[in-house]
There are 2 protein chains.
Amino acid sequence: MQRTYIKDLREKAGSEATVEGYINGRRDHGKLCFLDIRDLSGSVQTIVLPQNADAHVASKDLRPEWTVSITGQVNKRPERMVNKNEQMGDIEFEAKSITVLSRAQELPFAVDAELNIDTKLDNLPFALRSKRSRAIFKVQSVVTKTFRDFLTSQGFTEFQAPKLIGDDAEGGANSFDVKYFKHTAHLAQSPQLYKQIMVGVLERVFAIGNVYRAEKHSTTRHLNEYTSMDFEMGFIKDHRDIMRVENDYFIALEKALRETCVAEFATLGAEIPTVPQDIPTMTLREAQALISKETGVDCTHELDLEPEHERWLCKWSKEKHNSDFVFVTHYPTAKRPFYTHRDETDPTMTKSFDLLFRGVEITSGGQRNHDYDVLVSSMKDKGLNPDKFGYYLQAFKYGMPPHGGLGIGLERVTAKLLNIENVKEATLFPRDINRIDVLLSK
Amino acid sequence: MQRTYIKDLREKAGSEATVEGYINGRRDHGKLCFLDIRDLSGSVQTIVLPQNADAHVASKDLRPEWTVSITGQVNKRPERMVNKNEQMGDIEFEAKSITVLSRAQELPFAVDAELNIDTKLDNLPFALRSKRSRAIFKVQSVVTKTFRDFLTSQGFTEFQAPKLIGDDAEGGANSFDVKYFKHTAHLAQSPQLYKQIMVGVLERVFAIGNVYRAEKHSTTRHLNEYTSMDFEMGFIKDHRDIMRVENDYFIALEKALRETCVAEFATLGAEIPTVPQDIPTMTLREAQALISKETGVDCTHELDLEPEHERWLCKWSKEKHNSDFVFVTHYPTAKRPFYTHRDETDPTMTKSFDLLFRGVEITSGGQRNHDYDVLVSSMKDKGLNPDKFGYYLQAFKYGMPPHGGLGIGLERVTAKLLNIENVKEATLFPRDINRIDVLLSK
């Protein structure tokens, strides 16, 4: 019989169906045996009665994480028996025949056991099967899918940015070396230079892919390989065009999450954020003045916000504007990379922004330098050698419109959406200084 | 005035609009000046008349690849003046005012000049702007978008596969070394092991991302960094379930290309392939018998098809079945990786397949070993050490359903779709032994 996904069993009430999935749990009451079966779409309680003799015998051997194909009767439960906390709580599946597809050895722990992070990472291929982990990565896939769908609807084209780069022109302390035949290549820290080149080609582009930072810390915030969602667009007026696109993306994301991920947020005990039509915005100097006035700590001469001040500002934005998000604009030129466009009214400041969400920065973006001469002089100001950027500079030599863009850290935004403390839990296969899948030998 | 994309100008016929884009060409007839303006959506002929004095003066300075904002009158051309070869040939745009957004230096060659591959690669950030290149990467984005959209509609979830891997357990001749703090890591040659692990988590998964082969050749077929479109799915009967999904993907792709890329195929002089409902299928042994019979060359004892025989088979499939595609199944166990499932009726053969398209293999796939003991013994048969695969093997130790999947080389399939001879032309930023963006120093 053709397989039915568990979420579709309701349509088969009163008739037979075949379900395929994992034994999520088994409770043997002697005569009666209850199996909890899970597939990619959900889980369902399955009852095995003694009168279905073959199935009843087979059920005695079953153990968690065995995979099975079960044909049986789909019954609607009487109203008083409905389990309202379960997706399929109004359905009971009565097994008539059971085929074992694969067996499992004894498990190191129950699939939904609470684990400390090291135990989890040591057992990740198994631990990722927990309801919690599956919810996290379902949500993460909706974050990327919505990014793609929304930007495509706005005329953006996806491209594949290279990860293997040559001269590490931006400076190398944080870059990994790759032995590339007789040469040394590097792993890209961002697709920045390529997406700007692509503005000259396709005008509005985006890329989702891995980027690399050789950070020597192993903390709850650091990853050495993470996923960056980037876009870049031409013919903008200034950085506010970029912020508008990002604001609209998060509005689209809220809608997608409410449509498809309510159960997953419930599993994590997290709340889907309400995204305002216009996310509150202030300049860095305005934010610092506010923080100084309200907290009594003078930060008005700092070049950036301290983590505690980012948290304070988000709390303020939530209380004052009922927004989990707040844009901070106009960071000092001294703190932003060479490609950042200066503010014409105050060249010590840039037309740049960060987006803060639930206490942390999840995006950096802004308008870029599009004028060849300005770009070259900006490199020199930063102590960079323009000769090393000859390839990139071609794009500007031969005509580049005013443009800008941003990058969003996928794992970090996933973690903040779901109130996950350690970003590694929002990363499928996290790499840090001590671990690539397994602990690295000392 | 709000910008109008060129493709939407028709809706503004009889009124004013603002167009922003590149000067694609300029023909100065003294009194009259014609500008060809291109944006991400198309191009339009723009006329500058002497009576629009400011625009007329401004037009004298304009040069190719300058970016401009032009406000003007949209006119429908009289029937006899319509240029049927142009997307916007029924429209003329009359400039009233011209604002220069950015300038360009003198170009090394015209944007649509025909170039040899080395000149093109040396000047890639500019050369990618040619109509031909833009068409190639538009088509490529439709190939990936359709892969995502189709698989999502079939219950697949996207995941981010790591590119940075630890022990290079599959054997290292073709792998790049990465200096990872005090250790040596590697760049992934495929997401194979991770996507199998993910079958245990989300059952149906896909990933699109870069993979790496340290091939020392620089040919028209080799890339050291390319993009692999991978999927993997659980609860299959055998490899034919995977072939069915791939066949249906290519049917969806044909539809998407006919809806969105007719002009791009015309630019390349290529034909959108007709994908049969059931792509012709034969076993390797059947294919070899056919080739031997028809060509007189006995290849019936070979473990694989020679490139010339792949071409012959595709030609045969086209003539006999009017199909640009042909599946070849059941490659010898000796030629396939350790994770490949053997055919129960003949264990010297595997439940694997290649998809050939227009003369070359674009996919390898098949059913995988899901049984822990079988997998371990298969590793040993191949001379691999199961201890090095402990992490991966957890997924099998704790229950894995029958499953399979495939990988499609994005750049290769793009090249074959568009009749491009050198796969580097279907790669945005190709890397080979001699070049990462620029030529590597000797």
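This short talk walks through a predicted model with two chains, from the overall layout to the place where the chains meet.

Let me begin with conventions. Residues are numbered from 1 along each chain as its sequence is written, and chains are lettered from A, with ligands numbered from 1, in the order in which they are written. Since the model is predicted, local features need pLDDT of at least 70 and side-chain atom pairs count only at pLDDT 80 or more, whereas totals for chains, interfaces and linings use all residues.

Now to chain A as a whole. The C-alpha atoms of chain A fill a box of roughly 85 × 60 × 40 Å along the principal axes, and the chain holds twelve helices and 21 strands, where helices (H or I, at least four residues) and strands (E, at least two) are DSSP runs numbered from the N terminus. Of the 442 residues in chain A, 48% are buried, a term that applies when 20 or more other C-beta atoms lie within 10 Å of a residue's own, with exposed meaning 12 or fewer, partly exposed meaning in between, and C-beta atoms placed from the backbone. Among contacts in chain A with a separation of 6 or more, 65% are between residues 24 or more positions apart; a contact here requires that the C-beta atoms of two residues, placed from the backbone, lie within 7 Å.

The domain assignment, which is automatic or taken from a database, divides chain A into domain 1 (6–102) and domain 2 (121–439). The centres of these two domains, taken over C-alpha atoms, are separated by 45 Å.

Let me turn to a barrel in chain A. Five strands close into it in the order S1-S2-S3-S5-S4, with mixed pairing, and the twist averages 50° from one strand to the next. Strands count as paired if DSSP finds at least two bridges between them. Strand S1 (residues 16–29) runs antiparallel to S4 of chain A, joined by seven bridges, and one of the partnerships between them is that of A:Tyr22 with A:Thr67. Strand S4 (residues 67–76) is in turn joined to S5 of chain A by ten bridges, again antiparallel, while strand S3 (residues 42–48) and strand S5 (residues 91–102) pair in the parallel sense over two bridges. A:Glu94 in S5 is worth finding on the screen: A:Gln73 has A:Glu94 as a bridge partner, and A:Ile47 has A:Glu94 as a bridge partner too. Helix H1 (residues 53–61) lies across S2, S3 and S5 of chain A, at about 65° to S5; such angles run from 0 to 180 degrees between N-to-C directions, with axes being lines fitted to C-alpha atoms, for helices over the stretch in contact.

Next come two covered helices of chain A. In helix H5 (residues 192–202), eleven of the eleven residues are buried, and A:Glu203, which follows, has a positive phi, near 75°. Helix H12 (residues 410–417) has eight of its eight residues buried, so it is largely enclosed by the rest of the structure. What do the buried residues of H12 in chain A pack against? They pack against H4 and strands S11, S16, S17 and S18 of chain A.

For the open sheet I switch to chain B, where eight strands are arranged in the order S6-S10-S11-S18-S17-S16-S13-S12, with mixed pairing. Strands S6 and S12 of chain B stand at the edges, each with a single partner strand, so one side of each is left without a neighbour in the sheet. Strand S10 (residues 204–212) and strand S11 (residues 225–234) of chain B pair antiparallel over nine bridges, and B:Asn210 stands opposite B:Thr227. Helix H5 of chain B lies across S6, S10, S11 and S18 of that chain, at about 35° to S11.

Finally, how do the chains relate? Chain A superposes on chain B by a rotation of 180° with 0.0 Å of shift along its axis (RMSD 0.0 Å), and the two copies are thus related as by a two-fold rotation axis. The superposition is by least squares on the C-alpha atoms of residues with pLDDT of at least 70 in both copies. A:Val178 comes closest to that axis of the residues of chain A, at 2.2 Å (C-alpha). Strand S8 (residues 177–180) of chain A is joined to strand S8 of chain B by three bridges, running antiparallel, and A:Lys179 has B:Asp177 as its bridge partner.
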